[in-house]
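Thanks for coming. I will talk for a few minutes about charged side chains and where they sit. Please have a look at this.

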Amino acid sequence: MGRALVAAPAYLERHGTPAQPDDLVAHPFIRVMGLFGDGVLRMLDAQQSPISARVTAAISVNHWRPVHELLVAGAGIGVLQEPVCANAIASGSLVRLLPDYTVPGFELNALCARPIPSRTRAIMALLEKELPGALRAAETTTQSEHCETPLERSLPAILLSSRKTACTSQCAPS
């Protein structure tokens, strides 16, 4: 899942736009606890070489939503997952910072008990197939243009059919 370094235009008007990674330390950094706790934002430059920039964590929260709200309100700079901030970027409420640099994304993993129930396997297969496209669509779709993704169309049907299958197999006479 991709991530973006962002800030609100109003914040940037008041405090200036960082021109290079070393400028980030002068700006209040809003973060989710557990991320960037070492005061370092790792990025890749245009040649995909890793660089580290110091950040000053001003606010730490336990969920991405308050980070999003604080950033849109102009409280500082921060990193959000691209699907979370795509609409705000499209509407101009947030802007990407340091466009020649990227914040590396992270992998999504599913943790589950063994043996894996068939319903869980079905959901995992659907997510593996549809989630990359849904995330790409979320990056480019604004709220006003929102269209139903294959994942959104398929998930309820999968859940319903899995539930029916599970109920049938549990309730069928032996």
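Start at strand 2, which covers residues 28-32, and find Arg31 in it. This is a predicted model, so every value I quote is computed from it. Does Arg31 have a salt bridge, or is it without one? Arg31 is buried and has no salt bridge. The nearest side chain of opposite charge belongs to Asp38, and it is 7.8 Å away. A salt bridge requires the nitrogen and the carboxyl oxygen to be within 4 Å, so Asp38 at 7.8 Å does not qualify as a partner for Arg31.

What does the side chain of Arg31 reach instead? It reaches the backbone oxygen of Leu35, at 2.8 Å. Leaving aside residues up to four places away in sequence, Arg31 touches Phe36, Gly37, Ala57, Ile59, Ser60, Val61 and Val67.

Now to the pairs that do form. How many salt bridges does a search of the whole structure find? It finds three.

Take Asp38 again, since we have just met it. Asp38 forms a salt bridge with Arg42, and their closest N and O atoms are 2.7 Å apart. Both ends of this pair are partly exposed: Arg42 has a relative accessible area of 45%, and Asp38 has 42%.

Next, Arg96 and Glu82. Their closest N and O atoms are 3.4 Å apart, and they form a salt bridge. This pair links distant parts of the chain, with Arg96 in strand 7 (residues 95-96) and Glu82 in helix 3 (residues 82-91), 14 residues apart. Here the two ends do not fall in one class. Arg96 is partly exposed at 45% relative accessible area, whereas Glu82 is buried at 15%.

While we are on helix 3, the buried residues there include Cys85, Ala86 and Ala88 along with Glu82. Just after the helix comes Gly92, which has a positive phi of about 90°.

The remaining pair is Lys129 and Glu130, whose side chains meet in a salt bridge at 3.8 Å, N to O. Buried or exposed, which is Lys129? Lys129 is exposed, with a relative accessible area of 65%. Glu130, at 15% relative accessibility, counts as buried.

To recap: the search gives three salt bridges, and Arg31 is buried without one. If you remember one contact of Arg31, take the backbone oxygen of Leu35, reached at 2.8 Å. That is all from me.

Methods: Residues are numbered from 1 along each chain as its sequence is written. This is a predicted model: local features need pLDDT of at least 70, side-chain atom pairs count only at pLDDT 80 or more; totals for chains, interfaces and linings use all residues. Side-chain values use heavy atoms; hydrogens and water are left out. Buried means under 20% relative accessible area, exposed over 50%, partly exposed in between (1.4 Å probe, protein chains only). Helices (H or I, at least four residues) and strands (E, at least two) are DSSP runs, numbered from the N terminus. Lys and Arg count as positive and Asp and Glu as negative; His and the chain ends are not counted. A polar contact is a pair of N or O atoms within 3.5 Å; within protein, one must be able to donate a hydrogen and the other to accept it, and residues adjacent in sequence count only if both atoms are side-chain atoms. Contact means heavy atoms within 4.5 Å.
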